[in-house]
Amino acid sequence: METAKKYQFWFCTGSQDLYGDECLSHVAEHSQIIVKALNQSGVLPCEVVWKPTLITNELIRKTLNEANADEHCAGVITWMHTFSPAKSWILGLQEFRKPLLHLHTQFNREIPYDTIDMDFMNENQAAHGDREYGHIVTRMNIERKVIMGFWDDREVQERIAGWMRTAIGIMESSHIRVCRIADNMRNVAVTEGDKVEAQIKFGWEIDAYPVNEIAEYVDQVSQGDIDALVEEYYSRYQIHLEGRDPEEFRRHVAVQAGIEIGFEKFLEEKNYQAIVTHFGDLGSLKQLPGLAIQRLMEKGYGFGGEGDWKTAAMVRLMKIMTAGVKDARGTSFMEDYTYNLVPGKEGILEAHMLEVCPTIADGPISIKCQPLSMGNREDPARLVFTSKEGHGIAASLIDLGNRFRLIINDVNCKKVEKPMPKLPVATNFWVPEPNLQVGAESWIYAGGAHHTAFSYDLTSEQMCDWAAAMGIESIVIDKNTTIHQLRNELRWNSVYYR
Ligand code: MN
């Protein structure tokens, strides 16, 4: 399925005509060199498009409105090479609606000590012009990203790349449509939420269908299609019969193949990019969708268990933001299950009943078929694996009744000490930053859910920038978090965001 459109970002350089045409020709030349270098860096996920230098109210307003109207443009990168009187930007910025990056850079890296004169100073004064521009963006209270540094440094380019992915998330958020084929699990609070407000804030469309409507699509899948997909499963994954009859095992797997094909057809026809299920509301489905949902997540669909549409949309959003990442390590729905509290070995064992995305797998993936202790259906087939080691983020979007809050925890994934042969689900094991105790206490103070959207390929900075663009609160729990500071932040935010 489509995970992200081919987007471009416009590079708009600000200046004025005070210093004459020769200076302006240098400004244009310099910004073209920067754009060329950014495009050739191999670091950015999208093309940067150079635009003629902006020197008047009229041109600024016209250019920013053209950016609004251009469906390929996911945002504008602004840089004031020389001084650009910021009143010139007011009308354009008032009408601009797309992600905005203020790249605070300078054409020359070093001060040319031997030759520097006032002409050079007038021509190369981003330190001066970018402050004038930054002032008006702040005064107008416009959400934007500021990145400072030399344009040809890899670290700066990587930060631009990270912002581009956030901008794509901002642009694509309003194209996320979540298919609810069951309501939220009865009595559960944290998976609930205001769907109207979610559409106003994030642009998400969240629709419900009777489960049997999608089950009909599963029933209509041809035996030939099911057999072909089961063959693919058997060639791609290890089969762990665990004492079951091979034919009976294969029939269970085939049920999931039918669900994968039927669900995908339903979602494609009706244009949904995320889905929720509920083990207690399966209609005529023979098994809780397990392997099938895992495969759909791998293809880019968002998912949330027990009707959790907020997490489903977040998983989809994070899959869009990470689409095409070189050597991507994976993004999945996840759930906090059980702790290891042995000193020095603390961490959280993460899993779900079945539905963990195989993009986060490390090593071989096997199919198992085991009873589910909940619900009343056949033993569902599922993909079982352990996950990669390394840094990731876990994000939880909660509804506080009058507003949303996004909680993001930096986590470090590790291997568990020993295999867990009796556990028939995919797992991850992580240590929250700054440590399990402070991380978990902070998460609970902030009201975070047991369900999360997890990714190895995003940073808390990217998610905070996305939240800021959506106009919602974000709370980061990372290596710098202390309980005292976090509790104060929650108190202050409750005033700011009320
Ligand atoms: Mn769950």
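Mentor: Start with a definition: buried means under 20% relative accessible area, exposed means over 50%, and partly exposed lies in between, using a 1.4 Å probe and protein chains only. This is a predicted model, where local features need pLDDT of at least 70, side-chain atom pairs count only at pLDDT 80 or more, and totals for chains, interfaces and linings use all residues. Residues are numbered from 1 along each chain as its sequence is written, and side-chain values use heavy atoms, with hydrogens and water left out.

Trainee: Is Arg154 buried or exposed?

Mentor: Check its relative accessible area, which is 52%. Exposed is the class above the upper cut-off. Therefore Arg154 counts as exposed.

Trainee: Which residue meets the side chain of Arg154 in a salt bridge?

Mentor: A salt bridge needs a side-chain nitrogen of Lys or Arg within 4 Å of a carboxyl oxygen of Asp or Glu. Arg154 has a partner in helix α6 (residues 154–173), four residues away, about one turn of the helix; helices (H or I, at least four residues) and strands (E, at least two) are DSSP runs, numbered from the N terminus. That partner is partly exposed, at 40% relative accessibility. At 3.0 Å, N to O, the partner is Glu158.

Trainee: How many salt bridges does a search of the whole structure find?

Mentor: One of them joins Glu231 and Arg250 at 2.6 Å, N to O. That pair links helix α9 (residues 223–236) with helix α10 (residues 246–270), 19 residues apart. Glu231 is partly exposed at 45%, and Arg250 is partly exposed at 25%. The search of the whole structure gives a count of 26.

Trainee: How many residues apart in sequence are the parts that Glu232 and Arg295 tie together?

Mentor: Their side chains meet in a salt bridge of 3.0 Å, N to O. Glu232 is partly exposed at 33%, while Arg295 is buried at 4%. Glu232 lies in helix α9 and Arg295 in helix α11 (residues 291–298), so the separation is 63 residues.

Trainee: Which residues are linked with Glu232 in a network of salt bridges?

Mentor: Arg295 already pairs with Glu232. The network takes in further residues. Linked with Glu232 are Glu260, Glu264, Arg295 and Lys299.

Trainee: Why is the pair of Phe303 and Phe333 edge-to-face?

Mentor: Rings of Phe, Tyr and Trp (its six-membered ring) pair if their centres lie within 6.5 Å; planes under 30 degrees apart count as stacked, over 60 as edge-to-face, and the rest as tilted. Both residues are buried. Phe303 is in strand β10 (residues 302–304) and Phe333 in strand β11 (residues 331–340), 30 residues apart. The ring centres are 5.3 Å apart, and the pair is edge-to-face because the planes stand at 85°.

Trainee: Which charged end sits over the ring of Trp10?

Mentor: A charge sits over a ring if NZ of Lys or CZ of Arg is within 6 Å of the ring centre and within 35 degrees of the ring normal. Over Tyr272, the charged end belongs to Arg177, 4.4 Å from the ring centre. Over Trp10, at 3.9 Å from the centre, it belongs to Lys51.

Trainee: Which residues are the protein donors of the manganese ion?

Mentor: Donors are N, O and S atoms within 2.8 Å of the metal (3.2 Å for Na, K and Ca); water is not among the atoms, so sites may look incomplete. The spacing along the chain is E-x28-E-x16-H-x98-H. Both glutamates of the site are buried. Lying 2.1 to 2.2 Å from the ion, the protein donors are Glu306 (OE), Glu335 (OE), His352 (NE2) and His451 (NE2).
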